[in-house]
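Notebook open, model loaded. I jot down what I look up as I go.

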Amino acid sequence: MNSEAVIETRSLSKVYRDFWGRKKVRALNSLNLEVKQGEIFGLLGPNGSGKTTTIKLLLGLLFPTEGTVEILGQPATDVSKNQRIGYLPEESYLYRFLNADETLDFYGRLFNMSKADRRKRTDELLDMVKLQHARKRQLREYSKGMTRRIGLAQALINNPDLVLLDEPTSGLDPLGTRDMKDMILNLRDQGKTVLMCSHVLSDVQDVCDRVAILDGGELKVLGRVDELLKNQGITQIRASTLSEDAIAEVKAVIAKHNNDTIDVDHPVTTLEDLFLKTVRDSADRPGQRYVPPGEDKAAPAESLPASEEAAES
Ligand SMILES: Nc1ncnc2c1ncn2[C@@H]1O[C@H](COP(=O)(O)OP(=O)(O)O)[C@@H](O)[C@H]1O
Ligand SMILES: [Mg+2]
């Protein structure tokens, strides 16, 4: 195995069998993948494309039909490697009647951490996932977003070198999604290797260094995100607002060098950008509301305090 590689699969295949042992679904077909130390690797693909199956094979929760997995220099079947791996499953499996403190303490015990270490680590993690205010509430009262965040904290309890995240942003609103992405980027800054899978393109585009696209259990595309997204045929020039005359001059210069049509317009913000900006601005200036054009002289409407739940996406 390449010394830089943290995960390496060779011709990895999985065929699920039915109750009588007959072959039913070929979920993964001859996957060759290498994830390098310190990168955020995205496994993309539509529902049913084999992402969860791949993660479970990496963890040794499933046995491959063919092929091999080497992870942190050991075969996937070696359970001792799990000491250095964190895993956020697609569906939460945490005990609903424990609160956040008890949950993290419980998993800390499984890793034989001392009481002092467990307390320190729990504090750090609850800070990181912004659940300090809800640490004494039972998980059954948590919203989907809070559940995802405590799941991430749990996955990090053992300070793992490699983190496997199965649909980390599923069910989160745009603000919760951005928080989750920032936490994932932060893991890379701490020197950890992250493999995440998702069917949400924008999540992967924003955080991953490299991606693999799976479809029907087969690897379709693999590469650096910036290179995959670069539109080779177009050169984009950006400037702050130009006068009509200046635009005409620029067009004339470009026309001198090639005779294709060119577009001049303003950069587009995505809906996600707009939503995030709106929510953040409203936190900075509570009470400020949408003002229809032409009515900007009207008296500001009375504002109501935002509910606590609104912050708990
Ligand atoms: N336990 C199972 N038994 C039979 N088929 C399964 C099982 N788990 C997954 N599959 C099938 O394997 C394929 C890949 O599933 P999965 O890895 O969960 O995809 P993804 O995570 O990309 O949505 C799907 O066709 C799915 O129906
Ligand atoms: Mg899945």
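**Lys 130 and the loop**

I started at Lys 130, which is partly exposed because 16 C-beta neighbours lie inside 10 Å. My cut-offs here, with C-beta atoms placed from the backbone: buried means 20 or more other C-beta atoms within 10 Å of a residue's own, exposed means 12 or fewer, and partly exposed is in between. A note on the source: this is a predicted model, where local features need pLDDT of at least 70 and side-chain atom pairs count only at pLDDT 80 or more, while totals for chains, interfaces and linings use all residues. Residues are numbered from 1 along each chain as its sequence is written, and chains are lettered from A and ligands numbered from 1 in the order in which they are written.

Lys 130 sits in the loop between H3 and H4. Helices (H or I, at least four residues) and strands (E, at least two) are DSSP runs, numbered from the N terminus. Lys 130 follows H3 and has a positive phi, near 55 degrees. I also checked Lys 130 against Arg 149: they are 19 residues apart in sequence, and their C-alpha atoms are 8.1 Å apart in space.

**H3**

Next I looked at helix H3, residues 115–128. I expected its 14 residues to span 20 Å at 1.5 Å a residue, and the end C-alpha atoms are indeed 20 Å apart. (The expected span is 1.5 Å times one less than the number of residues.)

Which residues of H3 are buried? I noted Arg 121, Thr 122, Leu 125 and Leu 126. They are on the same side of H3, because they cover an arc of only 130 degrees around the axis; the arc is that of the directions from the helix axis to the C-beta atoms. Ala 116 and Asp 127 are exposed on the other side of H3. The cover over the buried residues of H3 includes helix H2 (100–110) and helix H4 (144–155). I take contact as C-beta atoms, placed from the backbone, within 7 Å.

**H4**

Then H4 itself. Its 12 residues reach 17 Å from first C-alpha to last, close to the 16 Å expected at 1.5 Å a residue. H4 is mostly covered, with 10 of its 12 residues buried; among them are Met 146, Arg 148, Arg 149, Ile 150 and Ala 153. I listed what covers the buried residues of H4, and the list includes strand S6 (85–88), H2, H3, strand S7 (162–166) and helix H5 (174–189).

**Core**

I pulled up the largest nonpolar core, which has 57 residues. Such a core is a set of buried Ala, Val, Leu, Ile, Met, Phe, Trp, Tyr and Cys residues joined through C-beta atoms within 7 Å. Those with the most contacts inside it are Leu 58, Ile 150, Ala 153, Leu 164, Val 194 and Leu 195. In soluble globular proteins, nonpolar side chains tend to be buried together.

I followed Leu 58 further: leaving aside neighbours within four places in sequence, its contacts are Ile 7, Val 69, Ile 71, Ala 76 and Leu 164.

**H1 and the ligand**

Leu 58 is one of the buried residues of H1. Eight of the nine residues of H1 are buried, so this helix is largely enclosed by the rest of the structure. Gly 60 follows H1 with a positive phi, near 80 degrees.

What surrounds ligand 1? I wrote down Tyr 16, Lys 24, Val 25, Ala 27, Gly 45, Asn 47, Gly 48, Ser 49, Gly 50, Lys 51, Thr 52 and Thr 53. A residue is near the ligand if its C-beta atom, placed from the backbone, lies within 6 Å of it. Strand S2 (23–36) and helix H1 (51–59) are the elements that give two or more residues to this shell. By class I have three nonpolar, seven polar and two charged residues in the shell. The classes: Ala, Val, Leu, Ile, Met, Phe, Trp, Tyr, Cys and Pro are nonpolar, Asp, Glu, Lys and Arg are charged, and the others, Gly among them, are polar.

**Two more positive phi values**

Leu 72 is not a glycine, yet its phi is positive, about 50 degrees. I found Leu 72 in the loop between strand S4 (66–71) and strand S5 (74–75), and it is buried, with 21 other C-beta atoms within 10 Å. Asn 112 is not a glycine either, and has a positive phi of about 60 degrees. Asn 112 lies in the loop between H2 and H3 and is exposed, with 9 other C-beta atoms within 10 Å.

Key
Contact = placed C-beta atoms within 7 Å.
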